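Here is a short tour for a newcomer. Have the sequence and the model at hand, and follow the residues by name.

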Amino acid sequence: MRKFETLTSWAATLPQPNIDTDQIIPARHLKTVKRDGLGRFAFEAARYDKKGESNPDFIFNQSPFDKAEILIAGANFGCGSSREHAVWALADLGIRAIISEQFADIFASNAPKNGMLLITLGRDEIAELMQHAKSKRVRINLPSQIVEIEDMQVKIPFEMDPFDKKCLLEGLDQIALTLRQNAEISTYEARWEKKTPWLFHD
Amino acid sequence: MADPQAKTLFDRIWENHVVGQRDAVTSLIYIDLHLIHELSSPQAFESLALNNRKVRRPDATLAVPDHNVPTTDRDKPVKDPESALQIRLLEENTKAHKIEFFSMHDIRQGIVHIISPEQGLTQPGMSIVCGDSHTSTHGALGAWAFGIGTSEVEHVLATQTLVLRKPANMRITVKGELLNGITSKDLALHIIGVIGAKGATGHVIEYAGPVIEALSVEARMTLCNMTIEAGGRSGLVAPDDKTIRYLKGRPRAPKDGDWDKAVAFWATLKTDAGARFDKEVVVDAKKIEPQVTWGTSPEDVISISGRVPDPTHFENPERREAAKKALQYMGLKPGTLMRDILVDRVFIGSCTNSRIEDLRSAAKVIKGRRVADNIIEALVVPGSGLVKAQAEKEGLDKIFKEAGFEWREPGCSMCLGLNPDKVGPGERCASTSNRNFPGRQGPGARTHLLSPAMAAVAAIVGKLADVREYE
Ligand code: SF4
């Protein structure tokens, strides 16, 4: 997994709340058996018009935000289905960090497993960031857990799950980590099987 | 009074599944049952193979194709090459790892959240996951069940565990009683309207109170299913006599000596008096009328007697903007009576409402009536082959077909429009499914969520209508 330390980039803003995973990547693109190549379908309905032409009003079609690696979004971002394709599509579009007031639970657990940093901030902080993001770049420092606006004195600290932070900083593979606990899992299984033998059938 | 020793039902299930503490906030959690389907698993199996990893507990895993299977011509090959490939890969991957697979030609095939309870695999006190957000459905039997992404699917396949942070506890107590014609779908939509689409984010909801106790197990499934639409990854109901009666004799329910042991264990699964919940909501069921959505989030919901709201009346500026956009997408004007809204298609199906009780309640309304002329297509898609067979035994298929409905093979179908069952651009669908997001049932599709009986009435009238006038 790609490591995440610091990032300075233009930040695209999508202020509306409840941007669901069907909007991020429509279901018809889930019929893939691969993880890559989904970026061109990200936000498809908003990004292209009926003829398939770019919609100039959509932020990802505007320079310099077409190269944004940061997205600042309205509350409850990523609600709806569990599809990890939403994270894959955003990552393929170039997004490496998303800032929102609140993320939907499943999206929030999918993102860090793909090296994507999610930052939760308060409503006023988001409003301030959104306003400045139009003309200034945003800087994220994961080790010190700070979001900054370029050339300004604004420094916003953020909270972070320590396990997710470690995995992002070191680019760790979570499965490899858990496999190291094999013995512990076996001990648990033996204990649990004694209590609920009907859940084990081999 | 909060008692620090008192535990919630969810606290108990969580504690039972802690393999070990990872750090201050995360734990390694054991998973009892892993359900997989064709859409969210191919990348997990691919990565498993790349890393040369094995499936830890094939015996705790079941696979079924449901999301993109066609609902007609099951004897012919799947036409769409991408769907065919996903279905084939699911079969090959599960075979390679010795995981049980219900093929499209097996009568037990159906929507993953329908078939697991039906087989008796879903049981109280279990931890259950599936690469699908509506895994919350299984909570109806007192299981802690939640949807996961593909990376987590792979994690569970390889380790039978997940690294999790404990969600918070929320209780929704439903008082009073449901009035005539009101179903658990109306209750679910009403609750989402009250707490909002993110009202339960980060929480496990326990549904409690006299109304929940009075619901059938199937009706509880509808309620738990919709928990994710309020942001909650899982919803659950404490097991009771109904749960035990539901499970008894099902093919995968505990057998012989295990049955009594299991029943004794299930009896311990409840919330202590005085247990603390991080959030508590009380709902009065008597106030609930038949519900229908007007917008593009399940929280955009109103009684059938209501009118399309005026976005300028919302206090929250974000909500105002969202409502304006939603009405534009839905092609609706503020102030329009909900019952004046014409419908083009009707869909009775999905993991929310495709069980036998759902089909019975729709058939009861339809019996002896005809689908209105303006309806392009009215579909009934049973949740599983076994639901379909039961319905046919009861003659429900005839009632539907005589009224002008199509009677299809089981699968997700028009809930997400991955197979040929789609709602066309600008068309309006009265749907018993769970999401009215833009484009959910097809690009440009307009969805109104409602109960099976309400969908049946919409088919007959050709407009959204009040089921209480047609019973
Ligand atoms: S019926 Fe719809 S919501 Fe349920 S599992 Fe299938 S696609 Fe998902």
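Which residues have the most contacts inside the largest nonpolar core? In this predicted model, they are Trp144(B), Ile172(B), Val174(B), Leu187(B), Ile191(B) and Tyr207(B). That core has 96 residues. Helix H6 of chain B, residues 184-195, gives the most to this core, with 6 residues. A second, separate core has 86 residues. Among them are Ile19(A) and Ala73(A) from chain A, and Phe405(B) and Ile460(B) from chain B.

Take Ile172(B) as a sample from the largest core. Which residues does Ile172(B) contact, leaving aside neighbours within four places in sequence? The list runs Ile191(B), Ile195(B), Ile205(B), Glu206(B), Tyr207(B), Ala208(B), Val281(B) and Val283(B).

**The ligand site**

The ligand takes up the space of the largest cavity. Around the ligand stand His67(B), Ile111(B), His113(B), Asp132(B), His134(B), Ser350(B), Cys351(B), Cys412(B), Cys415(B), Leu416(B), Asn434(B) and Arg440(B). How does this shell divide by residue type? There are 5 nonpolar, 5 polar and 2 charged residues.

Arg440(B) is one of the residues around the ligand. Arg440(B) also touches Asp22(A). Asp22(A) lies in helix H1 of chain A, residues 21-24. Its other contacts beyond four places in sequence are Ala27(A), Arg83(A), Phe437(B) and Pro438(B). Is Asp22(A) buried or exposed? Asp22(A) is buried, because its relative accessibility is 4%, under the 20% cut-off. The C-alpha atoms of Asp22(A) and Glu159(A) are separated by 28 Å, with their positions 137 residues apart along the chain.

**Chain A in outline**

Chain A has 8 helices and 8 strands. Its C-alpha atoms fill a box of roughly 60 × 45 × 25 Å along the principal axes. Of its 202 residues, 58% count as buried. Take the contacts in chain A with a separation of 6 or more: residues 24 or more positions apart account for 63% of them.

Helix H5 of chain A spans residues 123-133. Its buried residues are Ile126(A), Leu129(A), Met130(A), His132(A) and Ala133(A). What do they pack against? The partners are strands S2 (11-14), S3 (70-73), S4 (97-100), S6 (138-141), S7 (146-149) and S8 (155-157) of chain A.

**Covered helices in chain B**

Helix H8 of chain B covers residues 217-225. Why is H8(B) called largely enclosed by the rest of the structure? Because 9 of its 9 residues are buried. Among them are the charged residues Glu218(B) and Arg220(B).

Helix H15 of chain B, residues 452-461, is mostly covered: 9 of its 10 residues are buried. Ile460(B) is one of the buried residues of H15(B), and Ile460(B) also belongs to the second core. The buried residues of H15(B) pack against strand S13 (291-293), strand S15 (345-348), helix H12 (356-366) and strand S18 (428-431) of chain B. After H15(B) comes Gly462(B), with a positive phi near 85°.

**A buried proline**

Pro239(B) sits in the loop between strand S11 (234-236) and helix H9 (241-247) of chain B. Pro239(B) counts as buried because its relative accessible area is 17%, under 20%. Which residues does Pro239(B) touch, not counting those up to four places away in sequence? They are Pro124(B), Leu141(B), Gly142(B), Trp266(B) and Leu269(B). The C-alpha atoms of Pro239(B) and Ala143(B) are 8.7 Å apart, while the two residues are 96 apart along the chain.

**Backbone exceptions**

Most residues other than glycine have a negative phi, and most peptide bonds are trans. Three places depart from this pattern.

| Place | Backbone angle | Location |
|---|---|---|
| Phe43(A) | phi about 55° | loop between H1 and H2 of chain A |
| Asn52(B) | phi near 60° | loop between H2 (42-50) and S4 (61-63) of chain B |
| Ser63(A) to Pro64(A) | omega near 5° | Pro64(A): loop between H2 (44-47) and S3 of chain A |

The bond from Ser63(A) to Pro64(A) is cis. Phe43(A) is buried, at 4% relative accessibility. Asn52(B) is exposed, with a relative accessible area of 71%.

Conventions:
Residues numbered from 1 in each chain as written. Chains lettered and ligands numbered in written order. Predicted model: local features only at pLDDT ≥ 70, side-chain atom pairs only at ≥ 80, totals over all residues. Heavy atoms only, no water. Near = heavy atom within 4 Å. 1 Å grid on protein atoms, 1.4 Å probe; cavity = no way out; pocket = protein on both sides within 12 Å on 5 of 7 lines; lining within 4 Å. Sits in = over half its atoms within 2 Å of the grid points. Core = buried A, V, L, I, M, F, W, Y, C linked by side-chain atoms within 4.5 Å. Buried < 20%, exposed > 50% of the residue type's maximum accessible area, 1.4 Å probe, protein only. Helix = DSSP H or I, 4+ residues; strand = E, 2+ residues; numbered from the N terminus. Contact = heavy atoms within 4.5 Å.
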